[in-house]
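Reader: I am new to this structure and would be grateful for a close look at a single part of it. Please describe one helix and the way its neighbours pack against it.

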Amino acid sequence: MEILNHSRTNFIAKIEGRIPLIKINFMEAEFDLLLVSLPKNSFNKLIAFNEPKIEKVDEAIATYILERIGGIEAKNNGQLWPLSGYRANLRLYESTVNSRKTFTMLLQTIKFWTKTPRLPNQQHLAPDPRCPPLCGQKPDPRNLAKTTTRRRLFPGRTRNPTNHYIYGSKFGFLNGSAIAILTCKIILDFPANSVPFLLKKFFDIYSKWEWPKPVEIVELANKKYNEIRLVLDWFGTKEVYHRHLNQFHVDLYPWLLEHSKLQWVVLNPGFPTQNTTFNVNKSTAEILKLEFLEGCLILTETQ
């Protein structure tokens, strides 16, 4: 790769983790690369100049699993998960082919909402709805009712309701994949509707969702790869075991037992499937629930 020897490459390093990546600073811009080693014929199936088909991508991934990482028993190979994510993105792309503009607008709106920073010095900037905007005016009784409802749902919360920042899987919140899947499911469940309608449905449904009941894009799996899926696809018992022993080390830190329990499950339609909200813990799950409830309340108030 020419970028490795380029004079404007300031930094390059391999970052170890569940999914190893290469971090690069090039021309003062930082970005990450996910590295996957594939045979040439499999690579061609993944990046066909005409739009790649799910079946071809599944075939390439199955070949990678069976030939490159020594079979389905070697299930901890980090290069497999980027391939699964690529397949999931392709599936979302196909699912929204008839509503691409709506999907994009709704996704961008929700991402913007999750990334709105929560600034510590803004927690008292929200005006009290009980106070009249101009001297001599009487308080609006509708605002009094809204304030009472908000304080009942969110006791002690006086911060500006436009500040959230619940984005970032490494912090136990949402990531781009999870938001895309949540958005896609709403569009598939309520086709041919406006963005405002879908936005309200988004908050209404997920604020009442019975977590950790999985959110997933249902599809007919290719039975050709049942053996691989039975071993590598997500299932709750496997994740609970991993969270209990490998993520929170409850055997060493028993007070983390509540956090090790399954909290949120947003499955990507990959091969194999993955839980994109794996890092959500008990504390961040409560924060997410409050934010979704508040979003639902705000949209209800604006109607």
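Author:

**Helix α5 and its two partners**

Among contacts in the chain between residues at least 6 apart in sequence, 66% join residues at least 24 apart. The model is a predicted one. Its chain has 303 residues, of which 39% count as buried, and its secondary structure comes to 12 helices and 5 strands. The chain exposes about 18100 Å², and carbon and sulfur atoms supply 59% of that area.

The part chosen here is helix α5, residues 100–115. Two packed helices are described by the angle between their axes and the distance between the axes. Both values are given below for each of two partners, α8 and α7.

The partner taken up at the start is helix α8, residues 195–207. Helices α5 and α8 pack at an angle of about 50°, and their axes lie 10 Å apart. Because an angle of this kind is neither under 35 degrees nor within 65 to 115, α5 is oblique to α8. The crossing of α5 past α8 is right-handed. On the α5 side, the residues that meet α8 are Thr102, Met105, Leu106, Thr109, Ile110 and Trp113. Facing them in α8 are Val195, Leu198, Leu199, Phe202 and Phe203. By class, the residues of this contact of α5 with α8 comprise 9 nonpolar and 2 polar, with no charged residue.

The other partner is helix α7, residues 176–189. Here α5 and α7 pack at an angle of about 135°, with the axes 10 Å apart. Since this angle is neither over 145 degrees nor within 65 to 115, α5 is oblique to α7. The crossing of α5 and α7 is right-handed. From α5, the residues Thr102, Phe103, Leu106, Leu107, Ile110, Lys111 and Thr114 take part. They meet Gly176, Ile179, Ala180, Thr183, Cys184 and Ile187 of α7. The contact of α5 with α7 contains 8 nonpolar, 4 polar and 1 charged residue.

Read together, the two contacts have residues of α5 in common: Thr102, Leu106 and Ile110 meet α8 and also meet α7. Met105, Thr109 and Trp113 are listed in the contact with α8, whereas Phe103, Leu107, Lys111 and Thr114 are listed in the contact with α7. Charged residues are absent from the contact with α8, while the contact with α7 includes 1.

Methods. Residues are numbered from 1 along each chain as its sequence is written. This is a predicted model: local features need pLDDT of at least 70, side-chain atom pairs count only at pLDDT 80 or more; totals for chains, interfaces and linings use all residues. Side-chain values use heavy atoms; hydrogens and water are left out. Axes are lines fitted to C-alpha atoms, for helices over the stretch in contact, and angles run from 0 to 180 degrees between N-to-C directions. Helices (H or I, at least four residues) and strands (E, at least two) are DSSP runs, numbered from the N terminus. A crossing is left-handed if the near helix is turned anticlockwise from the far one by less than a right angle, and right-handed if clockwise. Contact means heavy atoms within 4.5 Å. Ala, Val, Leu, Ile, Met, Phe, Trp, Tyr, Cys and Pro count as nonpolar, Asp, Glu, Lys and Arg as charged, and the others, Gly among them, as polar. Buried means under 20% relative accessible area, exposed over 50%, partly exposed in between (1.4 Å probe, protein chains only). Accessible areas come from the Shrake-Rupley method with a 1.4 Å probe; for residues, only the protein chains shown count as cover.
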